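Trainee: I would like to take a close look at one kind of contact between charged side chains. Could you walk me through it slowly?

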Amino acid sequence: MKKVICILICILFTVGIFSGCEKKKDDGSAQVTLRWMTGWAEQKDREIVQEYFNEKLAKLLPNTKVEMFHLDDAAFALKMAAKEKIDITWTGYSHDFPTEISNGYFLELNDLIDEYAPAVKEEWESYSDAYASATVDGNLYALPIQQPIVHQTSFFQIPAKYNEYLDSDALLAECHNNYKTTEKVWQIIDEYFHNLINAGIFDNTGFYTSKIFSSIATRGYDFVESSESGGWLCYDAHAENPEIVSFCTTEEAKTFYKYAAKWYKEGIIPLDILTGSETTASGASTVAISSKSESWYNVDEERGVRYEYDENGEIKSYIYLLDDYDNLFTGSTIIGSMRTYNAIPFTAENPERAMMFLNLLRSNTEESNELVNILCYGFEESSDAAQKYGTYHYTLEEKEDGDHVAHGKGYVIQPDASSDYGMPHWKLTNAFLPYRTPNILDGQKEWAKDYLTNVVPNELYKTKLYHFTPNLAEDYSFELAQLSQVTGEYLELLYDGAMGDKWEDTYAEFEGKLKAAGIENILTVVNEKAQEYMKEN
Amino acid sequence: MKKIKFPRVMLHTVFIILCVIFIIPMFIAVMISFSTESDIITYGYSIIPRNFSLEAYKIIIQDSASLLKAYGITILSATVSPFLSLIFNGTIAYSISRPEFKARKIVTIYILITMLFGGGLIPSYILNTQVYGLGNTIWVHLILGLVSGSNIILFRVSFSQIPKSLIESADIDGANQAQILLHIIIPMSKPIVSMIFFTGFIGGWNSYATSMYYISDKNLYQLQYYLKNVISNSEFIRQSFAEFGLKGGEDIPFQTLKFAICVASSLPILMMFPYIQKFFSKGIAAGSLKE
Amino acid sequence: MSSLKKKSGFLRQLPYWLLALPAIIYLLMFNYAPMFGAIIAFKDYKVRDGIFGSEWVGLRNFKYFFSSVDAPRILRNTVLYNLAFIFITKILVAAIFALMMYEINSKLAAKVYQTSMLIPHFMSYVVISAVLMIFLNPTSGMFNVIRQQFGLEGIMWYSEPKYWPFIIVFVNTWKDAGFASLYLYSSLLAIDSSLFEAADLDGAGKLRKIWHISVPALIPMICIIIINSLGSIMSSGIDLFLTVPLESTALIPTTDVIATYTYRGLKSSNYSYTSAVGLFQGVVGLILVLTSNGIIRKVNPENAMF
């Protein structure tokens, strides 16, 4: 008897295994509810928007509904560990995307895309850089979502009232002629500060050096990992045979440390810089700010300077673009660098239908765009949704040039606690605005589209490590963490100049600790990978 | 007479100075919570708000229905949970406080190990959701954390301070252990019992981790998690403004909101304390022996 | 009398077992059962492979901590701060507060004082750090302003690591001593008042009464506090050491503890590592608890845990 039972069980097992193995193609006939983790914040009115959305969705993708919910990142990690079924998830800058990939949270999407998502495939080909930031070893792990960022280029921004004190021609000339930041650049900026001091109008409120360091001092270097982690590994972008180094110990960095220490002593950098918070800096009032991203809202043709306007149309700050087209480059891909994505977790119950859904959102047809607009912006005032649910989230105003501008309900520039729908209140835009859908808020400028799909892949200088993704997080997460710990402790002291005259001692300590933390090993490893990569490409 | 009064006056003076030190920061926090965010950004934190404003509080009570539900859930779990834990912890504490219990050493070690070692979040989470089925129910608020080694030990210390003669006389009278526990031990341990209840209430009041990990039903959120969401929504909105390069995001209450939330969470507890304080007066323990 | 002795050993033990049973079962279900998961401390835990499918790596997760350049400093900080928190905050200052409170006769005064002592306990560290800034801000902070009135230069509080051990212990005491004193106070409440009456008859003064009656009454509770707290000496919350110093990197040498080291280095949830650290903390805690219990047992047998 026992033997019989054993054999029966074995047969059942085998049958079970094989039937599980058959990948059934999803023909769309089964009723499916997609569980969709849309981010970390609860959206007001989510339920009614979801209900209306599902109604419209049923006409385009039959038998499909979505159920949206939100999770903290910690809660998300836990749910993955407990293998809870989630079909689609948001991921991006508030999650550690590279580690999530190496932990195996997300399915490889290549096959699903081939089978179910032609529109995604097209988008992939057009926006290759964006998709590259979610690709590891040829496997795509998430679909990138449109961010209003076009390209990374450093700028130096000052309030309009201070503009006469800056020798902007010299600054632009020096920067455009040298793709790295030379000492002369800091001298020009130093002169600017001293001109302000001599004129008695210098005010260092809100002045922080961290962005100036990470945007301007690093010009000409391409980073192979996210600069917030590890050892700031980078290489000279225009080098023929690039060697990866740590930015913290380069000449450019040391020059900056010197000037930062000088500015700290002279009172240009605020005394309490170590404890301050950077979010208070504003271009119209802070003596100097900087960053590395350009949004398409105010890009124009000229590569010298852009302007920021106030409500009356007056210029309130000058934004000097330090890289012109010859300096710009496109290089290695930092996983997660495009900041927000949709991914399909490995616990998904209906990955095929999820891919069909994501494909629908990216189809760029009138109906699918309507769906996207509902998700991103809510109900428009004159829509039938607004009629049905008795509330709306925005009104659409058509401008003279045919563009649309969306106004949130009771739209105020500065929404306070009592305004229900200040512009971002109902906004899942960065949860899934695909690249090919027009952004109705300001009309996606054709310039930006062309830039992303044409200029970047075809015209910009490609570094020798173009699309190189070392993905060190996979095997060296602890070593990177050590480096992160050391740079976290010392780097800020140096670029804030907070050590004053003693900065060189601090720097020596820093170098020593980097070595002790194993930076030489990491550099060896990553350079080997780079050499291999260059041989193959 | 003067000799006796002087130390008394000194004592009260010292206490009053201490109270000032303890209260002033909370006072400052309350003042900051009534400021506007833009003032905080421009002028930094200051003791007297330049512009008195309720904007931070307005955000907290914006969705009053959900807020009330969160209060309800929290009050429920913060009262029921400590009460249950009193039962679970008190009983085992009594057993291990009795010298006649031969296994008390082993049981104590059994408890001790749970205080020092644990499986961590993931195994607990998997067990609680998939095996015990506690996910997304009210039970997760009531059941998790019920038995705590340190509370057991506090009870035990308190129980062992009760005079043995009391217990022996009850024994002789034929009382069983449960009766001794209920009628002698617990009444005589009022201060520690109320202290642990109060601590348990505070713990339940401040807890948010269970909501964060186990609950997705909005109606079952605890208060602190709800407030945490209010803050992260504020943060989300500010970031969205920053992303779009718009101005005005910085003025959405964020710093002031943190203060307002701190004030709003602590006041109810501080108001509750005087009721617990009833159990904390001298002369409770003495008395039974004299009978 | 003899009827009591005649009860069989098991039946006599039974009531104790029954009373202890609810907690025993609970601990089994909710504390012991998940312990199997501690095994991820020895594995390279990948969510997709699950707990049992992940690769075995032995002691590699422990290495990250021990081989780090800063390990001695972090261990030193963690241990010293926790010792200070136990002995200064929870015992010394809390006992002083409790003894003082015991002398207060007025119920109203006691209510006011006790409630005030508790207020700091409910302030979150985020708020405390902001309030502390009002005092310690290098430019406009109150302390520096006062120093400048006296012709002294202001101190860069947030850039000088050497002041922070004192500041942190002070903040911890300010926050928790009041609450801790309530436990000690409850021990004082249990003192039989006839002891004091007898002492009065013997002509004992206030201080003698405190030293010979009140303080001994505190000893059991103090022993328990020591044993309890030593068990968690390796763990420390992150807020006091990260938020209160406003994350100023200059202060890291004296404010970095195991929790902040983990937070700064590993940004994402690396469960294997945190599990390894937890295991390490548990082992150290166990050793300390057994040792201190052994010492206390030699000195004062009835106060030992076992």
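Which residue's side chain does E123(A) meet in a salt bridge?

Mentor: Happy to help! Keep in mind that this is a predicted model. The partner you are after is R362(A): its side chain and that of E123(A) form a salt bridge, at 2.9 Å from N to O. Now find the two ends in the chain. E123(A) belongs to helix α6 of chain A, residues 118–126, while R362(A) sits in the loop between α12 (351–361) and α13 (366–377), so this salt bridge ties together parts that lie 239 residues apart in sequence.

Next, ask how much of each partner is accessible. E123(A) has a relative accessible area of 0%, so this residue is buried. R362(A) also has a value of 0%, and therefore counts as buried. The cut-off behind that word is a relative accessible area under 20%.

A second pair in chain A makes a good companion. E240(A) and K464(A) form a salt bridge, and their closest N and O atoms are 3.7 Å apart. This pair, too, links distant parts of the chain: E240(A) is in the loop between β9 (233–236) and β10 (245–246), K464(A) is in the loop between β18 (461–462) and α17 (473–495), and 224 residues separate them. Here the accessibility reads another way. E240(A) is exposed, at 59% relative accessible area, and K464(A) is partly exposed, at 34%.

Let's move on to chain C. There D200(C) pairs with K209(C) in a salt bridge whose closest N and O atoms are 2.8 Å apart. With a relative accessibility of 45%, D200(C) counts as partly exposed, whereas K209(C) is buried at 12%. Salt bridges can also share partners: E489(A), K513(A), D70(C), R73(C) and D256(C) are joined into one network in this way. Over all chains, the count comes to 23 salt bridges.

Finally, a word on confidence, since you are reading a prediction. Chain A averages a pLDDT of 81, and 81% of the residues score at least 70. Two stretches of chain A deserve a careful eye. Over residues 12–22 the pLDDT is below 50, and this stretch has zero contacts in the model beyond near neighbours in sequence. Over residues 410–432 the pLDDT is below 50 as well, yet that stretch has 74 contacts in the model beyond near neighbours in sequence.

To come back to your starting point, E123(A) and R362(A) are the salt-bridge partners, with E123(A) buried and R362(A) buried.

Key:
Residues numbered from 1 in each chain as written. Chains lettered and ligands numbered in written order. Predicted model: local features only at pLDDT ≥ 70, side-chain atom pairs only at ≥ 80, totals over all residues. Heavy atoms only, no water. pLDDT = per-residue confidence, 0-100. Contact = heavy atoms within 4.5 Å. Salt bridge = Lys/Arg side-chain N within 4 Å of Asp/Glu carboxyl O. Helix = DSSP H or I, 4+ residues; strand = E, 2+ residues; numbered from the N terminus. Buried < 20%, exposed > 50% of the residue type's maximum accessible area, 1.4 Å probe, protein only.
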